[in-house]
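Work through the exercises below with the sequence and the coordinates at hand. Each task is followed by a solution in steps.

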Amino acid sequence: MPTDIIMPQLGESIAEGTIVKWLVSPGGRVEKDQPLLEVETDKVALEVPSPTAGFLSDVLVPEGQTVPVGTLIARLETQAPTGVISRVGGVVMKPMPVQEATETEHYSPAVRQLAKERGVDLSQVKGTGTGGRVTKQDVLSFVEKGAPPKPTASSARMTPAQATPARPIPGHLSPKQTGEEVIPLTSMRKTIAERMVASRRTAAHVVTFFEADFASLAGFRQQHQLTYLPFVIKAVTRAIKDTPILNSSWGENGIVVKHAVHMGIAVALEDGLLVPVIRSAETKGLQRLAKEVADLSERARATRLNPEEVQGGTFTITNHGGTGSLFSTPIIHQPQIAILGMGAVQKRPVVINDAIAIRPMCYLSLSFDHRVIDGATADHFMSKMKEYLEHSEWERFL
């Protein structure tokens, strides 16, 4: 009996999904729980595991196509197919020979292509995906760490200067290229574009900026090997207790104030942005927050988030300072009414008690919906957060 593969329900509010990549070739064998395909929705991108072991006998929906939840997209057979095994758009595709399982089955086609482009030996890359599978982010992290590229026959004949060309920046043309290049829009990029425009059209955006001195937490942070972000999350949740209206949304019948702070943390991906959510962040200590931020960020980049982990946020923080940015005016993540931007922490000269001192300073921005709150309320929230960042006994919140 063949096993039907349908487009799964990847969340209560998700009605369709886009097939990004089939990770098993038509006719190829797949084991139970082995990643079968990559699916992208308007909220998350993730790998879908095979429900059973078998051979991919029919691929009914091609890569790049968006179909409703519940659509039959493929079938698995218990035995290797011998005839026609794939029909896409009415075109009969030639079956591929079934091969014995090899090491390359641990790598998706996208990963193998990226490794080929970057000259990476995949056997040297540690996988963080399901079952130790190597993801695209693993390859990029391997390259960023300065790992030596895999030598090729052509590079062996090059001089050292020729063998290390500058790596092109994604989305940019090299000096020798002319004309135009069209980069196809992914489902995620389309959704981001639509939601950003809709947010600007919906909310009355206003931004206020504050500067905070991180000196009082710097030593504590280093002692416990934490990043700055958990401290900012904790300061935000405490400031929201003082100004609960910041944790609300606009409703037809009035302003809806949420009692629990479900903190969204913006995570930059290779081709987009996701905002996984830390549930009830106000109840968690610094170490717990740090672990959840690291876990959610890692799984977001490895396309292993569950759909519910990117839903239900009530307030969002975007740490744009990770790339050196100082100021930002982020767009509100609807239906929330505010988003905090965190700039890079830099040592700067500041005046303290009429004397100049060198302190680790950080610019913080709050984009807020002027329909819901006024500038005085936003500034009160920011002043309380600044106070908590600069004058807290952090041992209490570890």
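**Exercise 1. Asp354 and Asn353**

Task: State whether Asp354 is buried or exposed, and which sign phi has in Asp354.

Solution. The model is predicted, and the values below are computed from it.
- Step 1. Asp354 has a relative accessible area of 79%. The limit for exposed is over 50%, so Asp354 is exposed.
- Step 2. Phi of Asp354 is near 65°, which is positive, and the residue is not a glycine.
- Step 3. Asp354 belongs to the loop between S20 and S21.
- Step 4. Asn353 is found in the loop between strand S20 (346–352) and strand S21 (355–369). Its phi is also positive, about 55°, although Asn353 is not a glycine.
- Step 5. With a relative accessible area of 76%, Asn353 is exposed.

**Exercise 2. The loop between S18 and S19**

Task: Decide whether His320 is buried or exposed, do the same for Gly321, and list what each is in contact with.

Solution.
- Step 1. His320 is placed in the loop between S18 and strand S19 (338–342). Gly321 is in the loop between S18 and S19.
- Step 2. The relative accessible area of His320 is 13%. Buried means under 20%, so His320 is buried.
- Step 3. Gly321 has 13% relative accessibility and therefore counts as buried.
- Step 4. With neighbours within four places in sequence left aside, His320 is in contact with Ser325, Leu326, Phe327, Ser328, Gly341, Met342 and Gly343.
- Step 5. With neighbours within four places in sequence left aside, Gly321 is in contact with Met342, Gly343 and Ala344.
- Step 6. Gly321 and Leu364 are 43 residues apart in sequence, and their C-alpha atoms are 9.8 Å apart in space.
- Step 7. Pro335 is found in the loop between S18 and S19. The peptide bond from Gln334 to Pro335 is cis, and its omega is near 5°.

**Exercise 3. Aromatic pairs**

Task: Give the number of aromatic pairs and classify the pair of Phe220 and Phe231.

Solution.
- Step 1. A pair of aromatic rings is described by the distance of the centres and the angle of the planes.
- Step 2. Centres within 6.5 Å make a pair, and the count comes to 7 aromatic pairs.
- Step 3. For Phe220 and Phe231 the centres are 6.2 Å apart and the planes are at 85°. Planes over 60 degrees apart count as edge-to-face, so this pair is edge-to-face.
- Step 4. Phe220 lies in helix H6 (residues 215–223) and Phe231 in helix H7 (residues 229–242), 11 residues apart, and the pair links distant parts of the chain. Phe220 and Phe231 are both buried.
- Step 5. The ring centres of Trp394 and Phe397 are 6.1 Å apart and the planes are at 65°, so this pair is edge-to-face too. Trp394 and Phe397 are buried.
- Step 6. Phe220, Phe231, Trp394 and Phe397 are linked into a cluster by ring pairs.

**Exercise 4. Helix H6 and charges over rings**

Task: Name the buried residues of H6, and state which ring the charged end of Arg221 sits over.

Solution.
- Step 1. Leu217, Ala218, Phe220 and Arg221 are the buried residues of H6.
- Step 2. Their cover includes H7, helix H8 (286–301) and helix H9 (375–390).
- Step 3. The charged end of Arg221 sits over the ring of Tyr228, 4.1 Å from the ring centre.
- Step 4. Arg29 lies over the face of Phe55, at 5.4 Å from the ring centre.
- Step 5. Gln225, just after H6, takes a positive phi of about 55°.

**Exercise 5. The second largest pocket**

Task: Describe the second largest pocket by its space and its lining.

Solution.
- Step 1. The space in the second largest pocket is about 570 Å³.
- Step 2. Its lining has 27 residues, and Arg195, Leu273, Leu274, Val275 and His333 lie nearest the centre.
- Step 3. At least two lining residues each come from helix H5 (187–202), strand S16 (273–274) and strand S18 (315–318). H5 gives the largest share, 5 residues.
- Step 4. By class, the lining has 14 nonpolar, 10 polar and 3 charged residues.

**Exercise 6. The whole chain**

Task: State how many helices and strands the protein has.

Solution.
- Step 1. There are 9 helices and 21 strands in the protein.
- Step 2. Of its 398 residues, 42% count as buried.
- Step 3. Among contacts with a separation of 6 or more, 62% join residues 24 or more positions apart.

Technical notes. Residues numbered from 1 in each chain as written. Predicted model: local features only at pLDDT ≥ 70, side-chain atom pairs only at ≥ 80, totals over all residues. Heavy atoms only, no water. Phe/Tyr/Trp six-rings, centres within 6.5 Å; stacked < 30°, edge-to-face > 60°. Helix = DSSP H or I, 4+ residues; strand = E, 2+ residues; numbered from the N terminus. Buried < 20%, exposed > 50% of the residue type's maximum accessible area, 1.4 Å probe, protein only. Lys NZ or Arg CZ within 6 Å of the ring centre and 35° of its normal. 1 Å grid on protein atoms, 1.4 Å probe; cavity = no way out; pocket = protein on both sides within 12 Å on 5 of 7 lines; lining within 4 Å. Points joined across faces, edges and corners; volume = space filled by probe spheres on them. Nonpolar A, V, L, I, M, F, W, Y, C, P; charged D, E, K, R; others polar. Contact = heavy atoms within 4.5 Å.
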